[in-house]
Amino acid sequence: MSDSSTEKLGKKAVKAGTAYVVSNIAVKAAFALTTPIFVRMMTKAEYGTVSMFTSWSTLLYPFFSLQLATSIGRAKIDYPDKLDEYTGSMQVLSAVVSAVWVLLSIILIVPVSGWLELTEMETILLMLYMFFSPAISFRQGILRYRYQVKQNIFIAWYTILGTVVLSFVLMFFLKGDMALYRCIGIAVPPILLSVVFWAQEAKKKTLRVNKGYWKYGWMISGPMIIHQLSLYVLSQSDRVLITKFCGKEDAGVYSLAYTIGVLLAVITNAISDAWLPWFHDTYHAKRFEDIKKNAKPLVALGVYIGLATVALAPELVLIFGGRKYMSGVYCVAPVAIGIICRYIYSHYVNIEIHLKKTKYISIGTATAAVVNVILNFIFIPMYGYVAAAYTTLASYLLLMLMHYSITRFVLKVRIYDDIFMFASILLSVGASILLLFTYDYTLLRYGIILVGFLSFLFVFRDYIKKGWKVVKKRMHRSKAAE
């Protein structure tokens, strides 16, 4: 790949990635802002049912989708002229497996609905939602890896607006089971969009049974099922054990603090997803210095966002939960640093995905999940719910070390500035410890925040200047058009 083509690809990737990150964050923000409205329209029991519906959808999705969309980035390189056929074949494989799950669920509807703690209607709706959802993931995947950002943004906004509007209309104008109406609102818009995608793929004749593609996709994506389930255990086991050892109130306080960490993860995950298509293309072109150079500002950006979360933890807890949750403020820092570790080690995970060595990803995440459960059993009874935040941090640190070791010593790949990566974590830990001691000294903390913000402007001054130039050009074009 020539320097000029690489530069064009880089600009295209940056433009698409930036739009993807901004849109993804905006969609998540819209969801978060509308959630309180629906909560107030339901009883606690109804809200519990909706939470159960969404939790099961998260847990069951890997079994229906087989995480096959994970393989699209690598397939773009191995099957550049047949990517549509490959993706269509993955969609068929996912549908075959999903159909088996749906059929079994319908045949055993009574015990299955009882086990899921949902009504039979809600169970059938969940199964249909799981059957059709992968089609959206496949379409978004192929659009993202081709840098077709407008279509991807449309899908994201259609989904959030469709679910919000349909849920609101049903719950506002109809009487009865509000939980069912909300579940319908969540499931039906994606199902309808998936039907459109199925029709389009059928028209293009890309829906084929290709055992070669199936074997290829399963080889990459199969281990990612274990990875996703392990991540679920890693994120949920602490709350289960806090409830067991400390009670529901402490579990509620910890969940609120963890939710703030999840908001940080929304941003870092969006950045990671936007980076991955460019990473695959650049790694394939063997331009490792470009990856090394561009990874540094991305890591620094994640660190700044994470430390901003730690610095503003008292205000965030107050906004999201109120004063009765303020005791959970000391959980935010370790959870946030854990998310930063997760964000940084994703760079090493990208290498494993590109080299089709995803078995190492599943081994690492499963190991971290087991360690997390063991540490929670030991330390939560001793130190209370705050210990769970630190066991989460320890688990993510372990994952960071494991993925670094796998890429460095097993796969024999070294393309990042590893010293910079680990120094970023040490800096995050040190700064977080300092900020923890300032929670009772508001003016001092605000002073540190100001210094941090000024340092951010200095570190990213070149990027800010480039961004401002782009904005001014667009403003001049708008005026000229008028």
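In this account, a helix is a DSSP run of at least four residues, and helices are numbered from the N terminus. The model discussed here is a predicted one.

The surface offers a first point of interest. Ile37, Leu161, Val165, Phe168, Val169, Phe172, Phe173 and Leu174 together form a nonpolar patch there, with about 770 Å² of accessible area. Helix 7, which covers residues 149-173, gives the most to this patch, contributing 6 residues. Another member, Leu174, lies in the loop between helix 7 and helix 8 (178-204). Leu174 has a relative accessible area of 38% and is therefore partly exposed, because that class lies between the limits of 20% for buried and 50% for exposed.

Attention may now turn to helix 10. This helix comprises the 37 residues 248-284; at 1.5 Å a residue it should span 54 Å, and its end C-alpha atoms are 50 Å apart, which agrees. Helix 10 nevertheless has a kink of about 30° at Leu276, shortly before the proline Pro277. Just after helix 10, Lys286 takes a positive phi of about 60°.

That last value introduces the backbone angles. Most residues other than glycine have a negative phi. Gln67 is not a glycine, yet its phi is positive, near 55°. Gln67 is placed in the loop between helix 2 (44-65) and helix 3 (72-78). With a relative accessibility of 12%, Gln67 counts as buried. Glu117, also a residue other than glycine, has a positive phi of about 60°. Its place is in the loop between helix 5 (109-116) and helix 6 (120-145). Glu117 counts as exposed, at 58% relative accessibility.

The cysteines remain to be considered. How many disulfides does the structure hold? The number is 0. Why is Cys331 not bonded to Cys246? A disulfide requires two cysteine sulfur atoms within 2.5 Å. The sulfur of Cys331 has its closest cysteine sulfur in Cys246, at 10 Å, and this is too far for a bond. Cys341 likewise takes part in no disulfide, as the nearest cysteine sulfur, that of Cys331, is 17 Å away. As for accessibility, Cys331 counts as buried, at 0%. Cys341 is buried, with a relative accessible area of 0%.

Conventions. Residues are numbered from 1 along each chain as its sequence is written. This is a predicted model: local features need pLDDT of at least 70, side-chain atom pairs count only at pLDDT 80 or more; totals for chains, interfaces and linings use all residues. Side-chain values use heavy atoms; hydrogens and water are left out. Patches are made of residues with over 30% relative accessible area and no salt bridge: like charges are joined within 9 Å, nonpolar side chains (Val, Leu, Ile, Met, Phe, Trp, Tyr) within 5 Å. Accessible areas come from the Shrake-Rupley method with a 1.4 Å probe; for residues, only the protein chains shown count as cover. A salt bridge is a side-chain nitrogen of Lys or Arg within 4 Å of a carboxyl oxygen of Asp or Glu. Helices (H or I, at least four residues) and strands (E, at least two) are DSSP runs, numbered from the N terminus. Buried means under 20% relative accessible area, exposed over 50%, partly exposed in between (1.4 Å probe, protein chains only). The expected span of a helix is 1.5 Å times one less than its number of residues. The bend at a residue is the angle between axes fitted to the seven residues ending there and the seven starting there.
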